[in-house]
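Here is a short tour of a two-part report, with the structure placed right where you need it. Have it open beside the text as you read.

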Amino acid sequence: MTALATAVPQTASTPLVEMRDVSIAFGGIKAVDGVSIDLYPGEVVGLLGHNGAGKSTLIKILSGAYAADHGEIRVNGEPVHITSPRDAKRCGIETIYQTLALADNVDAAANIFLGREKLTAWGTLDDHAMEAEARKVMGRLNPHFRRFKEPVKALSGGQRQSVAIARAIHFDARVLIMDEPTAALGPAETRQVGELVKQLKQEGIGIFLISHDIHDVFDLADRIHVMKNGKLVGTARVADVTQDEVLGMIILGKCPPGAVPGPGATA
Amino acid sequence: MAEPSTTLSPAPPAEAPAGRRAGIGDALRALELDTRMVGMIGALAIVWIGFDILTGGAFLTPRNLWNLSVQTASVGVMATGMVLVIVTRNIDLSVGSILGFTGMVVGVLQARFLPEIWGFDNPLTWVMAVLAAVAVGGAVGAVQGAIIAYLGVSSFIVTLGGLLVWRGAAWWVTTGQTVAPMDGLFKRLGGGFEGAIGAGPSWAVGIAAVLLSVAAILVTRRRRAGFGFPVRPLWAEGVVILLVAAAIVGAVLVVNSYPLPVPVVRRMMEAQGLSTDGGLPFVAHGFAIPVLIALAVGVGMTFLSRRTRFGRYVFAIGGNPEAAELSGINTRRVMVMVFGLMGALCGLSACIATARLNAATNANGTLDELYVIAAAIIGGTSMAGGVGTILGAMLGAMVMQSLQSGMVLLGVDAPMQNIVVGLVLVAAVYVDTLYRRGLK
């Protein structure tokens, strides 16, 4: 842990999020094995690794979808218990899943407010107020969007992505987890996601960017964590390593001089 | 993430500039009617008119329609709950058996247990019986729901087990004996001339319903306008209000033109000390109490499914269970509530069915699970989950009952009736599949 802290000279002293020595096993297989990562305010941290390296699992622990077998999560230096998505949201941790996790049969506003509905004075759903806010937040992300009355299954891939992003940023997120945010998008839409990431970063939101596209990560991230076989290979500032070196970390688990090695680094 | 404008599909009808009325298509769109629902009502109209022609005018009579409405009530009540069960991608095969079991419980309670405490025909008896039925049914449903949600046994298996368990339990309540007769006031829940509210109260109910519908439509319009959202053009709003009012007033006119039988009227007159020499007056049935119960359940369940968090969660779970879970919804608790609600509605239906039969038998509700599921499916509930409406399911129950009544009027044999109903179920789902494919 101390090695990590010295490797990352940050102006803010406490990380926004810190996962320490986190492990989880499924049927005897350690999907995540003693991984420690951190994230500072206004920082974009890329989480890299092959399919099955454990990055999505690690992030699902942070978002409350899985409960870790072992380890600690701290938000603003305070240890927190995250055992459900509700807990994570309470800590200001929002997630945009690779699958988007939208309820296809209801409309954009219902999805954005799912689990956090606005109610009228009588305790009934205030669909009009929710639609009004949905129009506002969607107007910021996707100004041409008009299809507020249709189930999201009728929307295009980019529109569905906007709905998922709107849901994550509408509730004053402090930490945003983006799991393969551009995997299903065209070049123009990918550029839009990039713009959004920069904008959110300026607002002081910390972002975990999960991707296997190394170019994306080099464009957007300040730091990277690389995982392999459930273990952390190493951590590096993007400025201190080359793309080839990072590829070496991903494929061989070999830690270059510019990076701080983790438990998963090959000697 | 701005969508390139070329990929944008045409704006939905609600966004179309108001007042543009180029053709019938635009006009229909401005009304924002649910085309599926219009199709259902059209199908029901065809069934009704078809039977009326085949029976030489015996189908569309106040008497037959009144009976039809009473016969639909029990299955209609349960179908509203089945919609939510199927929307969450589950099934409940035990509803007929839960009805049988709770029916026996309320039968014993009111015919044997309560009279020992406070004598026969106590005004509290029917209240206690209904509360007990809803509570017992709800508890049974909630237990099944808990097994499904927390122990992870599929609903098909749990409720298939329930089908056997509760039918057996119904037998055990009295070791198979039929309990009869029912409490005098309780009996009214089943309809019959004692269970009809008469012409005046029927008008009162009808007028109240019209006023409430108009108020609901106007309040929604004002809220939408207040947020600056597009609203229906005024003429369309007027047409919708007229259609709703016409349907309600039409129903009142039908039930108010079905007279009570002559001997009943004579007895009523004599009881009031009136002379029956100068001919007997026309005394109408008015709405039957079980029908009013079913309608109230329909309105309540529609409210629950459309205007409450619970309803929103039910549909979200049906659309994408994983997404619902990740949104922080306690999906297991919602499942227990859905099955508990289904059980409670079975309890209510048990009251209607037991009262109508004026007896509690352990065979009551046999095969009802199939009619209830068929009603929900014919009413547009998708077996894939996430899609379904309460109104559709009640219309579906009405279609099923219309087919059966019509065939009885035509003198079709019972086995043939089953064959027709079975074929209609499959055909209805096929047509629905075509419709959904056409939407994409």
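What follows walks through contacts between chains, domains, helix packing and two single residues.

## Where the chains meet

Please keep in mind that this is a predicted model. In it, 40 residues of chain A are in contact with 33 residues of chain B. On the chain A side, four helices each supply at least two residues: α3 (85-90), α5 (127-141), α6 (157-169) and α7 (187-202). Of these, α6(A) gives the most, with five residues.

What is the make-up of the side of chain A that touches chain B, by class? It has 17 nonpolar, 13 polar and ten charged residues.

## Two domains in chain B

The domain assignment splits chain B into domain 1 (34-196 + 288-439) and domain 2 (197-285). Taken over C-alpha atoms, the centres of domain 1 and domain 2 of chain B are separated by 25 Å. The contact between them joins nine residues of domain 1 of chain B to eleven residues of domain 2 of chain B.

On the domain 1 side, α3 and α10 of chain B each supply at least two residues. The largest share there, four residues, comes from α3(B). By class, this side of domain 1 of chain B divides into eight nonpolar, no polar and one charged.

## A covered helix

Now to helix α11 of chain B, residues 309-319: is it mostly covered or mostly uncovered? It is mostly covered, as nine of its eleven residues are buried. The buried residues are B:Gly311, B:Arg312, B:Tyr313, B:Val314, B:Phe315, B:Ala316, B:Ile317, B:Gly318 and B:Gly319.

The cover includes elements from both chains. Chain A brings α4 (108-112), while chain B brings α3 (62-87), α10 (289-307), α12 (321-326) and α13 (331-357).

## Helix α4(B) and its partners

Helix α4 of chain B (residues 95-118) packs with helix α6 of chain B (residues 155-174), their axes coming within 7 Å and crossing at roughly 20°. That angle is why α4(B) counts as roughly parallel to α6(B), and the crossing is left-handed. On the α4(B) side the contact uses B:Ser97, B:Ile98, B:Gly100, B:Phe101, B:Met104, B:Val105 and B:Val108. Among the residues they meet in α6(B) are B:Trp166, B:Arg167 and B:Val173. The residues of this contact divide into ten nonpolar, four polar and one charged.

With α13(B), the axis of α4(B) comes within 8 Å and crosses at roughly 60°. This makes α4(B) oblique to α13(B), in a right-handed crossing. From α4(B), the residues taking part include B:Val95, B:Leu99, B:Thr102 and B:Val106; from α13(B), they include B:Met342, B:Cys346, B:Ala350 and B:Cys351. By class, the contact of α4(B) with α13(B) has nine nonpolar, seven polar and no charged residues.

## Helix α3(B) against α15(B)

How do α3(B) and α15(B) lie relative to each other? Helix α3(B) packs with helix α15 of chain B (residues 390-410) at an angle of about 135°, and the axes are 8 Å apart. The two helices are therefore oblique to each other. The crossing of α3(B) past α15(B) is right-handed.

Residues of α3(B) in this contact include B:Asn64, B:Leu68, B:Gln71, B:Val75 and B:Met82. They belong to a set that meets residues of α15(B), including B:Ile390, B:Met394, B:Met398 and B:Gln401. The class count for the contact of α3(B) with α15(B) is ten nonpolar, nine polar and no charged residues.

## Two residues up close

A:Ser56 is found in helix α2 of chain A (residues 55-62). Is A:Ser56 buried or exposed? A:Ser56 is buried, because 20 other C-beta atoms lie within 10 Å. Leaving aside neighbours within four places in sequence, A:Ser56 is in contact with A:Asp179 and A:Ile210. A:Val32 is 24 residues away from A:Ser56 along the chain, and their C-alpha atoms are separated by 9.7 Å.

B:Gly200 has its place in helix α7 of chain B (residues 199-226). B:Gly200 counts as exposed because it has 11 C-beta neighbours inside 10 Å. B:Gly200 and B:Val252 are 52 residues apart in sequence, and 10.0 Å apart in space, C-alpha to C-alpha.

Definitions and conventions:
Residues numbered from 1 in each chain as written. Chains lettered and ligands numbered in written order. Predicted model: local features only at pLDDT ≥ 70, side-chain atom pairs only at ≥ 80, totals over all residues. Buried ≥ 20, exposed ≤ 12 C-beta atoms within 10 Å, placed from the backbone. Contact = placed C-beta atoms within 7 Å. Nonpolar A, V, L, I, M, F, W, Y, C, P; charged D, E, K, R; others polar. Axes fitted to C-alpha atoms, helices over the stretch in contact; angles between N-to-C directions. Parallel < 35°, antiparallel > 145°, perpendicular 65-115°, else oblique. Left-handed = near helix turned anticlockwise from the far one by under 90°. Domains from an automatic or database assignment.
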